[in-house]
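Biologist: I would like to go through this model before planning anything at the bench. Could you take me through the sheets, the overall build and the ligand site?

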Amino acid sequence: MCGIVGYVGKNQNSLSVLIEGLKSLEYRGYDSAGIAINNQGRIKIIKSVGNIANLERKLDKKILSNLGIGHTRWATHGKPCLKNAHPHQVGKVTLVHNGIIENYEKLKKSLQDEGYKFKTDTDTEVACALMDKIYKETNDKLLTMQKVKEMIEGSYALAIIFADDIKNLYAMRKDSPLIIALGKDENYLASDVPAILQFTDKYILLEKNEYAIINALNVKVYDNNFKEIKKQILTYEGSREVAMKNGYEHFMLKEINDEPMVIKATYEQFINKNLKELIDNMPDLAKYNNIDIVACGSAYHAGLVGKSLIEEYANIPVKVELASEYRYKKNFGNDSTLTILVSQSGETADTLAALRKAKKEKSATLGIINVVSSSIAREADNVLYTKAGAEISVATTKAYLSQVLMLALIAINKAFVNGNISSKEEKDLLEDMQKLPQEITSLINRKDEFASIAKQIYHNNDVFFIGRGIDYALSREGALKLKEISYIHAEAYAAGELKHGTISLIENKTPVIAIVTDETIAEKTISNIKEVKARGADVTFITTESLNKKYAQSDFYDRKIVVPSTNKFFQALLTIIPLQLLAYEVAKLRGENIDKPRNLAKSVTVE
Ligand code: M6R
């Protein structure tokens with residue numbers, strides 16, 4: 001939700017650093033963008049509506065500048081337009097902001113009473129005016145930041161330039177991420193590591209209640225008592241190429257192609273030869289009587305798959321909750337509850353708030369997180385890292401897949417500890433696990449088959465996904481993937497529930513994608529497919545090799561996708577691949593902006 005970048009250096013190349021940094025942060029929002037730079041001792045602001053390419057076109061590349069801040073926006077307060085784009089400037093203060101100032105209306109009123117006039121509809125301009133007012137009173141920048149921190153409520157990361165000190169950048173944060181990256185004779189600020197990877201791999205994490213002053217040669221971080229803190233310097237260990245497209249047309253396609261590697265990297269952290277390794281390498285789960293899985297969006301859908309597996313094979317009750325609901329309701333967690341927070345970014349505001357609530361209620365917490373050292377990873381009692389690497393496409397694919405695998409590993413661990421996996425099953429399971437990367441590759445290689453099915457679907461306004469149990473959980477992810485990038489209305493329904501209302505929407509040629517991989521209830525779902533087929537639906541049937549043998553007759557579907565059969569713990573990991581590629585191909589046929597769908601952002605750091 002909004003991306004921030006900052007540069008200060010002996011070189012005069014702030015313009016190109018800011019633009020390159022912002023381009024890699026566009027996944028955080030792309031409603032508008034802007035920069036503020038030191039232009040011969042004066043602060044020059046340039047803004048544009050839309051993405052970074054629009055901003056870039058407005059810039060005079062010849063301008064030399066040794067300091068600047070930049071911002072790419074995902075609008076919260078005030079519509080996406082030029083005046084609301086960041087940076088904002090009031091008096092001596094110019095700043096960019098990621099987050100939400102919750103009490104901005106009250107602050108705005110009192111600032112207006114003191115004579116401040118506002119030009120925008122944003123909460124950020126209010127923070128900027130407040131900072132200007134306090135700076136006028138104190139003439140002390142650290143004290144100003146501290147006082148502002150005490151007065152504003154909500155979440156923020158702020159990068160600030162004071163007009164009377166154009167050699168330094170200033171920064172502070174609470175609940176929105178901010179890193180300070182370290183170069184030679186130049187230093188950087190950014191919302192996330194990919195923004196600085198082409199310049200350096202060394203960075204430090206700014207924590208809440210810390211204030212930073214950054215110039216070309218020094219980075220100083222102070223605590224709330226203005227005592228200087230010695231910060232740990234971290235080194236980014238992922239590959240730089242992951243942050244680039246590697247020749248693929250879209251990040252989404254590149255990331256789907258990363259999936260075989262991601263799956264292998266994720267399970268190899270825990271198991272290679274036997275299931276006992278899983279117990280040794282994962283936190284001890286034996287002491288919990290029940291599990292709550294809390295997440296948003298696709299991570300929530302991964303939780304639904306996890307619930308099916310954990311309940312069915314490890315025999316423990318699991319509730320899956322949307323973080324935005326969980327944080328405001330009664331949850332009945334206690335010290336025998338394990339609350340699992342699933343999040344790619346580790347920064348999702350609702351999931352972070354849910355984590356804090358679970359901790360307050362004395363539940364143990366475990367994060368399943370992709371971004372190392374993100375807020376949830378740091379605050380949870382324990383963390384398991386999905387090894388998806390940097391995911392840039394707003395629509396998640398490889399991170400979702402690694403979340404599903406991690407939950408499957410938890411189910412296997414529990415089932416093994418409970419004695420529900422025999423040594424013959426253990427051997428088969430390990431073999432099946434090691435075959436997964438190859439099987440996923442073979443599905444990805446069938447892209448053309450899914451592209452031709454996409455041609456049957458892309459012109460529709462509505463698509464239905466149906467399934468039961470784990471196949472219903474997959475239907476929900478398939479529908480989300482399709483709707484978010486193709487803008488086709490897509491609805492997932494539990495197959496048995498259709499006849500209680502929704503079947504009235506089925507008419508001649510209504511597309512229905514029916515998923516049947518669970519052998520125990522296949523018959524029942526096929527009866528439901530026949531019900532929609534009888535009413536004219538155009539059915540794409542997705543099933544496994546072994547079920548395909550059993551249901552070879554074609555009277556209840558128009559086309560089918562057969563995925564390899566694998567171990568019950570891993571089937572979802574294969575079945576979802578055609579759904580991801582189908583959504584991709586449909587969006588491509590419709591000419592949509594696949595990596596950056598409208599109104600969305602990759603990391604949702606607002607409530
Ligand atoms: O970073 P998170 O995993 O916490 O994000 C949660 C959702 O916002 C996310 O999964 C979203 O639904 C996906 N981008 C959809 O593809």
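Modeller: Two strands are said to pair if DSSP finds at least two bridges between them. Keep in mind that this is a predicted model.

Biologist: Which residue in E10 stands opposite Ile-180?

Modeller: Strand E9 covers residues 179–182 and strand E10 covers residues 186–190. These strands run antiparallel and are joined by 4 bridges. Opposite Ile-180, in E10, stands Leu-189.

Biologist: Which are the edge strands of the open sheet of 8 strands?

Modeller: The order in this sheet is E3-E2-E4-E1-E10-E9-E11-E15, with antiparallel pairing. An edge strand here pairs on one side only. The two that do so are strand E3 (42–49) and strand E15 (234–235).

Biologist: And what is the bridge partner of Val-221 in E14?

Modeller: That pair belongs to an open sheet of 7 strands, ordered E5-E6-E7-E8-E12-E13-E14 with antiparallel pairing. Its edge strands are E5 (88–90) and E14 (228–229). Strand E13 (residues 219–222) pairs with E14 over 2 bridges in the antiparallel sense. In E14, the partner of Val-221 is Ile-229.

Biologist: Where is Pro-87 found, and is the peptide bond from His-86 cis or trans?

Modeller: Most peptide bonds are trans. The bond from His-86 to Pro-87 has omega near 0°, and is cis. Pro-87 is found in the loop between strand E4 (67–73) and E5.

Biologist: What is the phi of Asn-209?

Modeller: Most residues other than glycine have a negative phi. Asn-209 is found in the loop between strand E11 (202–205) and strand E12 (211–214). Although Asn-209 is not a glycine, its phi is positive, at about 65°.

Biologist: How does the radius of gyration of the chain stand against the globule rule?

Modeller: The chain has 19 helices and 25 strands. For 607 residues the globule rule gives 25 Å, and the chain is close to that, so it is as compact as a globular protein of that length. Its C-alpha atoms fill a box of roughly 80 × 50 × 45 Å along the principal axes. The radius of gyration itself is 26 Å.

Biologist: Turning to the ligand, which residue has a side-chain N or O atom 2.5 Å from an oxygen atom of the ligand?

Modeller: The ligand is surrounded by 14 residues, and the closest are Ser-343, Gln-344, Ser-345, Thr-348 and Glu-484. A polar side-chain atom of Lys-481 lies 2.9 Å from a ligand oxygen, and a backbone N or O atom of Thr-396 lies 2.9 Å from a ligand oxygen. The 2.5 Å contact is made by the side chain of Glu-484.

Biologist: What percentage of the accessible area of the ligand does the protein cover?

Modeller: On its own, the ligand has 410 Å² of accessible area. The share covered by the protein is 91%.

Biologist: Which elements give two or more residues to the shell around the ligand?

Modeller: By class, the shell has 5 nonpolar, 7 polar and 2 charged residues. At least three residues come from each of domain 2 (245–443) and domain 3 (446–607). The elements that give two or more residues are helix H9 (297–314) and helix H16 (470–486).

How values were computed. Residues are numbered from 1 along each chain as its sequence is written. This is a predicted model: local features need pLDDT of at least 70, side-chain atom pairs count only at pLDDT 80 or more; totals for chains, interfaces and linings use all residues. Side-chain values use heavy atoms; hydrogens and water are left out. A residue is near a molecule or strand if one of its heavy atoms lies within 4 Å of it. A polar contact is a pair of N or O atoms within 3.5 Å; within protein, one must be able to donate a hydrogen and the other to accept it, and residues adjacent in sequence count only if both atoms are side-chain atoms. Accessible areas come from the Shrake-Rupley method with a 1.4 Å probe; for residues, only the protein chains shown count as cover. Ala, Val, Leu, Ile, Met, Phe, Trp, Tyr, Cys and Pro count as nonpolar, Asp, Glu, Lys and Arg as charged, and the others, Gly among them, as polar. Domain bounds come from an automatic or database domain assignment. The radius of gyration is taken over C-alpha atoms; the globule rule is 2.2 Å times the number of residues to the power 0.38.
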